[in-house]
Amino acid sequence: MTALVFRALGHAKRLQLLQLLLATDEPLSIHQLRDATRNPSIWEHMKTLQAAGFIEVIGPGRLARWRLVEGSLERAQGLLSRAP
């Protein structure tokens with residue numbers, strides 16, 4: 001799991017997506033995220049961040065919105081303190 005978390009953080013586009021979600025109190029749609037990053041191909045990045053436990057989707061289909069999982073960044077920081 002540790003490698004998955006740091007792999008997710010190891011890409012500039014994924015960090016940008018996390019920063020966008022961190023900067024808002026409201027979940028964002030995939031369209032809002034695409035517009036903000038000016039990148040139409042963020043789906044794989046979103047799946048990587050979700051698999052690492054950083055983001056979650058709320059709602060079905062076209063109504064889906066993405067948000068940061070509470071405490072996920074703190075958990076990643078904790079992994080650093082436990083690393084050999």
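**Two buried polar residues and a nonpolar core**

Modeller: T48 has its place in helix 4. The model is a predicted one.

Biologist: Is T48 buried or exposed?

Modeller: A residue counts as buried when its relative accessible area is under 20%. T48 has a relative accessibility of 11%, so its class is buried.

Biologist: Which residues does T48 touch, not counting those up to four places away in sequence?

Modeller: T48 belongs to helix 4. With residues up to four places away in sequence not counted, the residues touched by T48 are R7, A8 and R14.

Biologist: From which helix does the largest share of the largest nonpolar core come?

Modeller: This core has 18 residues, and L21, L33, M46, L49, F54, I55 and W66 are those with the most contacts inside it. Two or more residues each are given to the core by helix 1 (2-9), helix 2 (12-22), helix 3 (30-37), helix 4 (43-51), strand 2 (65-68) and helix 5 (72-82). The largest share is three residues, and it comes from helix 2.

Biologist: Is S72 buried or exposed?

Modeller: S72 is placed in helix 5. Its relative accessible area is 4%, and the cut-off for a buried residue is under 20%. S72 is therefore buried.

Biologist: The backbone oxygen of which residue lies 2.8 Å from a polar atom of the S72 side chain?

Modeller: Beyond four places in sequence, S72 touches G53 and F54. The backbone oxygen that lies 2.8 Å from a polar atom of the S72 side chain belongs to V69.

Definitions and conventions. Residues numbered from 1 in each chain as written. Predicted model: local features only at pLDDT ≥ 70, side-chain atom pairs only at ≥ 80, totals over all residues. Heavy atoms only, no water. Core = buried A, V, L, I, M, F, W, Y, C linked by side-chain atoms within 4.5 Å. Buried < 20%, exposed > 50% of the residue type's maximum accessible area, 1.4 Å probe, protein only. Helix = DSSP H or I, 4+ residues; strand = E, 2+ residues; numbered from the N terminus. Contact = heavy atoms within 4.5 Å. Polar contact = N/O pair within 3.5 Å; in protein donor to acceptor, adjacent residues only side chain to side chain.
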